[in-house]
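Please follow this chain element by element, beginning with one helix and its surroundings and moving outward to the strands and the sheet.

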Amino acid sequence: MQTSRYLDCLMTSTTPLSSPPLHQALRVLADETRLRILALLAEVELSVGEIARCLAMGQSRVSNHLRVLRENGLIGERHEGSFTFCRLDVPEGAFGDMWGALAPSLAAIDQAAADRRRLATVLADRSENRSFFDKIAGDWDLIGADFTRGTGRLEMLSCLVPNTLKIADVGCGTGYLAAALGRRVGHVICVDASEPMLARARENLHASSATMEFRIGVLEQLPLEDDEVDAACAHMVMHHLVDPRLGFAEMARVVRPGGLVVCIDMLPHHEVWMRDAMADTRLGIEPTSLVDDMERAGLTNVRHEMLSENYIVETPSGRTIELPLHLVHGRVPDADRHDDESTAS
Ligand SMILES: C[S@@+](CC[C@H](N)C(=O)[O-])C[C@H]1O[C@@H](n2cnc3c(N)ncnc32)[C@H](O)[C@@H]1O
């Protein structure tokens, strides 16, 4: 038996050691191939075949080394279908100490740079998905529609909101929107004309990690100082107002220069029963009217868009109807900035 094979046998003759003697750790780690494998696994978990490709070596040779590493507790395995992925799992003790000392210098191993180059190709190939997506690009809007039913994409977008923002949720109701805002921004001021609604919002939002303030008041005369917030939003509130322009003027007043005013409401509809049943002053609002009102309130960069989601509501006669929703947003002018952007700053 060759010396190296003999050493391998010695090294694997025992059951895994939680803390092997130093001389055993030395033997296991004194092999350059094993160090190259560990260096790769320190980057990412890999299958045996992938490791073999990275090392440009035969799979059986690689498997022998993996066996030594596995039996000495240096790597762990994860099974996924018919695939087995190896990952670095260096135990504490002699191995941990030696690995800590060795790891920073692994890049200096002769083959390490080539291994890493091959690793990049191997990982790119693992995403077999590229050719899959090449093929289905034309159908993705249909297939990907599955995602639009969830809120994942919206949650992701909301993560992009700077968490230093202070936002007014006007006509906050029971705090549905403020709850979502509170997960992302530092400070939310909830305003509503109804004390019971505000009380419910207080209850619903008591555990929020953001600073939550609750102020009773109307949109036409907001209980906020000039420039007090970075942005203000009104979800399904404007159709309750006799004159939405007053609401926008107030939102523009309380938002600092450069900040945003955003509103979602219903398109005009004919559901007259909503006047009584929902206390709606208007049966929806025309997009042009919302845009005009915002512009007259002095907001710039006013944009309008239809939402893909409808407001689904049951009529008193038990019919379920869908009312299209739209969104408008505008920016409070700021002398110091070029007002041609449409996103929050
Ligand atoms: C349809 S609810 C929407 C609540 C909340 N924005 C949401 O999306 O769940 C309308 C809310 O606006 C409030 N509201 C109606 N007119 C208002 C006004 N002039 N000023 C402030 N709040 C008002 C109501 O009290 C109610 O809570």
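Helix H4 (residues 48-55) contributes Glu50, Ile51, Ala52, Cys54 and Leu55 as its buried residues, and in this model, which is predicted, the elements that cover them include H3, S1, helix H5 (59-71), S3 and H7. Just beyond the end of H4, Ala56 adopts a positive phi of about 55°.

One of the elements covering H4 is H3, and the geometry of this pair can be given in some detail. Two packed helices are described by the angle between their axes and the distance between the axes. For H3 and H4 the axes come within 11 Å and cross at roughly 115°, and the crossing is right-handed. On the H3 side the contact involves Thr33, Arg36, Ile37 and Leu40, which meet Ile51, Cys54 and Leu55 of H4. Sorted by class, the residues of this contact comprise 5 nonpolar, 1 polar and 1 charged.

H7 is also among the elements that cover the buried residues of H4, and it packs against H3 in turn. Helix H3 (residues 32-43) and helix H7 (residues 112-126) meet at an angle of about 40°, with their axes 11 Å apart, and the two helices are therefore oblique to each other. The crossing of H3 over H7 is right-handed. Arg36, Ala39, Leu40 and Glu43 of H3 make this contact together with Ala112, Asp115 and Leu119 of H7, and by class these residues are 4 nonpolar, no polar and 3 charged. Arg36 and Leu40 of H3 thus appear in the contact with H7 and also in the contact with H4.

S1 and S3, which are likewise included in the cover of H4, belong to a set of paired strands. Strand S1 (residues 46-47) pairs with strand S3 (residues 83-88) in the antiparallel sense over 2 bridges, and within this pairing Ser47 stands opposite Phe85 of S3. S3 is also joined to strand S2 (residues 75-80), here by 6 bridges and again with the strands running antiparallel; His79 has Thr84 of S3 as its bridge partner. S2 and S3 form a hairpin in which 2 residues lie between the strands, and Gly81 in the turn has a positive phi of about 60°.

Further along the chain, an open sheet of 7 strands is arranged in the order S6-S5-S4-S7-S8-S10-S9, with mixed pairing. Its edges are strand S6 (211-216) and strand S9 (300-314), each of which pairs on one side only, and neighbouring strands of the sheet are turned by 15° against each other on average, when direction is ignored. In a regular strand the side chains alternate between the two faces of the sheet.

Within this order, strand S4 (residues 166-170) and S5 pair in the parallel sense over 5 bridges, with Lys166 having His187 of S5 as its bridge partner. In strand S5 (residues 187-192), 5 of the 6 residues are buried, so this strand is largely enclosed by the rest of the structure. Strand S7 (residues 229-235) and strand S8 (residues 255-266) also run parallel and are joined by 6 bridges, and here Ala231 stands opposite Leu260 of S8.

How does one residue of S8 sit in its surroundings, and what does Gly259 contact beyond its neighbours within four places in sequence? Gly259 is found in strand S8 and, with 23 C-beta neighbours inside 10 Å, it counts as buried, because the cut-off for a buried residue is 20 or more. Leaving aside those sequence neighbours, Gly259 is in contact with Val229, Asp230, Ala231 and Val332. Gly259 and Asp227, which are 32 residues apart in sequence, are 8.9 Å apart in space from C-alpha to C-alpha. Helix H16 (residues 287-296) lies across S8, S9 and strand S10 (320-331), running at about 140° to S9.

Taken as a whole, the protein chain has 16 helices and 10 strands, and 28% of its 345 residues count as buried. Among its contacts between residues at least 6 apart in sequence, 63% join residues at least 24 apart.

Conventions
Residues are numbered from 1 along each chain as its sequence is written. This is a predicted model: local features need pLDDT of at least 70, side-chain atom pairs count only at pLDDT 80 or more; totals for chains, interfaces and linings use all residues. Two strands pair if DSSP finds at least two bridges between them. Helices (H or I, at least four residues) and strands (E, at least two) are DSSP runs, numbered from the N terminus. Axes are lines fitted to C-alpha atoms, for helices over the stretch in contact, and angles run from 0 to 180 degrees between N-to-C directions. Two residues are in contact if their C-beta atoms, placed from the backbone, lie within 7 Å. Angles under 35 degrees count as roughly parallel, over 145 as roughly antiparallel, 65 to 115 as roughly perpendicular and the rest as oblique. A crossing is left-handed if the near helix is turned anticlockwise from the far one by less than a right angle, and right-handed if clockwise. Ala, Val, Leu, Ile, Met, Phe, Trp, Tyr, Cys and Pro count as nonpolar, Asp, Glu, Lys and Arg as charged, and the others, Gly among them, as polar. A residue is buried if 20 or more other C-beta atoms lie within 10 Å of its own, exposed if 12 or fewer, and partly exposed in between; C-beta atoms are placed from the backbone.
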